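Me: I am new to reading structures, and I would like a close look at one part of this one. Could you take me slowly through the protein surface that faces the DNA?

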Amino acid sequence: MPELPEVETVVRQLRQAVCFRTIEAVTIKDPKVISPAVAQGLPARVIDIARRGKSIIFTLDSNAYLLAHLRMTGHFHVVPSRSASLEYQKYLSGIFHLDGGSFFTFNEIRRFGGITKVSAKELEKAFSRLGPEPLADSFTFTAFDSLLHRFPSAVIKTKLMDQSFLAGLGNIYAQEALYRAGIHPQTKIEEIGVSKRKRLYHGLREILRLAIKCNGTTIQNFSHLDGKGSFQDLLSVYQREKCPRRHRVERINQGGRSTYYCPRCQK
DNA sequence: CGAGGTACCTGACAGC
DNA sequence: TGCTGTCAGGTACCTC
């Protein structure tokens with residue numbers, strides 16, 4: 001499930017393979033996933049690939065941007081030459097033809113994610129609703145704490161997953177961060193004391209950094225360009241039966257989503 | 001305004 | 001075997 005660490009992994013790999021290359025043409029197989037506008041204004045050179053929250057931004061030298069979101073099951077694949085077989089044809093949404101005959105593809109099983117072409121203004125508008133980047137230097141404990149103070153009555157787990165609150169956390173890392181902080185996922189923000197707020201701040205940053213080092217978590221549908229991440233081996237509660245301290249993990253439902261937590265470690 | 005619920009979409013899997 | 005129901009979940013959109 002692509003969250004911040006998985007998207008960051010994909011961005012780093014795309015940067016290696018696609019940055020400073022020219023997109024000559026795009027073949028759109030599924031216009032619901034790849035907006036037809038993406039094929040216009042080519043060829044164009046990719047001069048930067050970056051991440052904001054869970055979005056991927058390709059900066060083109062044509063004064064436009066490609067905005068990609070993996071949602072649940074979106075994948076990029078880089079294919080070295082035109083003669084190579086399209087290994088992932090089954091869910092192929094689009095083919096990006098690069099200079100020199102290589103290409104990369106976008107595949108989307110559930111067709112939730114996709115790629116659109118946007119202007120600088122549209123890009124700014126899309127990101128204006130996003131909360132801060134949890135790994136940014138400017139995201140200090142003070143910044144996190146003042147954010148928490150704005151929503152005293154909200155349930156902490158739901159808020160951690162709210163992209164306008166904090167950009168990049170999803171169901172897995174929100175749960176893992178709460179385990180690290182010893183906070184029950186149904187706790188209201190106003191009920192969390194300052195020491196647990198600090199543990200949550202440090203816990204979520206540590207977990208994101210560690211997961212990036214592991215190239216993300218590979219569960220069910222997520223794999224990055226070069227294979228699989230390994231953070232799933234380090235999960236404490238998500239889809240686990242026992243927490244690292246050998247207590248039984250419980251599963252509850254919050255907003256139609258499963259939440260795993262340890263009733264003994266998280267009060 | 002915030003908070004909570006639901007639709008979107010398809011594959012995996014359990015149960016009969 | 002083959003059907004049905006449930007679950008997975010990021011985000012936009014809706015209602016209260």
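Reply: What follows goes through the surroundings of each DNA strand in turn and then turns to the domains of the protein chain.

Please keep in mind that this is a predicted model, and that the distances below are computed from its atoms.

Let us begin with DNA strand C, which is surrounded by 16 residues, the closest of them being His 69, Phe 112, Tyr 238, Arg 257 and Ser 258. Of the atoms of this strand that come within 4 Å of the protein, 60% belong to sugar and phosphate. When the residues of the surface near DNA strand C are sorted by class, five are nonpolar, five are polar and six are charged.

Individual side chains add detail to this picture. An N or O atom in the side chain of Lys 54 lies 3.4 Å from a phosphate oxygen of DNA strand C, and the side chain of Gln 163 likewise has an N or O atom 3.5 Å from a phosphate oxygen of that strand. Arg 71, by contrast, is placed at a base, with an N or O atom of its side chain 2.9 Å from a base nitrogen of DNA strand C.

We can now read DNA strand B in the same way. Among the residues around it are Lys 32, Tyr 91, Ile 109, Phe 151, Lys 159 and Gly 255, and the list also includes Phe 112 and Arg 257, which were named above among the residues closest to DNA strand C. Sugar or phosphate supplies 63% of the atoms of DNA strand B within 4 Å of the protein, while the rest belong to bases. The surface near this strand has five nonpolar, two polar and five charged residues.

Arg 110 and Arg 111 are worth reading side by side: the side chain of Arg 110 has an N or O atom 3.3 Å from a base oxygen of DNA strand B, whereas the side chain of Arg 111 has one 2.9 Å from a phosphate oxygen of the strand. Ser 153 also faces a phosphate oxygen of DNA strand B, with a polar side-chain atom at 3.1 Å.

Finally, it helps to place these residues within the chain, since chain A is divided into domain 1 (4-128) and domain 2 (141-261). The contact between the domains takes 19 residues from domain 1 and 18 residues from domain 2. Together the two domains bury about 1,500 Å² between them, with 63% of that area on carbon and sulfur atoms. On the side of domain 1, Pro 5, Glu 6 and Gln 13 lose the most area to domain 2, together 33% of what that side buries.

Methods:
Residues are numbered from 1 along each chain as its sequence is written. Chains are lettered from A and ligands numbered from 1 in the order in which they are written. This is a predicted model: local features need pLDDT of at least 70, side-chain atom pairs count only at pLDDT 80 or more; totals for chains, interfaces and linings use all residues. Side-chain values use heavy atoms; hydrogens and water are left out. A residue is near a molecule or strand if one of its heavy atoms lies within 4 Å of it. A polar contact is a pair of N or O atoms within 3.5 Å; within protein, one must be able to donate a hydrogen and the other to accept it, and residues adjacent in sequence count only if both atoms are side-chain atoms. Ala, Val, Leu, Ile, Met, Phe, Trp, Tyr, Cys and Pro count as nonpolar, Asp, Glu, Lys and Arg as charged, and the others, Gly among them, as polar. Domain bounds come from an automatic or database domain assignment. Contact means heavy atoms within 4.5 Å. Buried area is the accessible area (1.4 Å probe) that two parts lose on being put together, summed over both.
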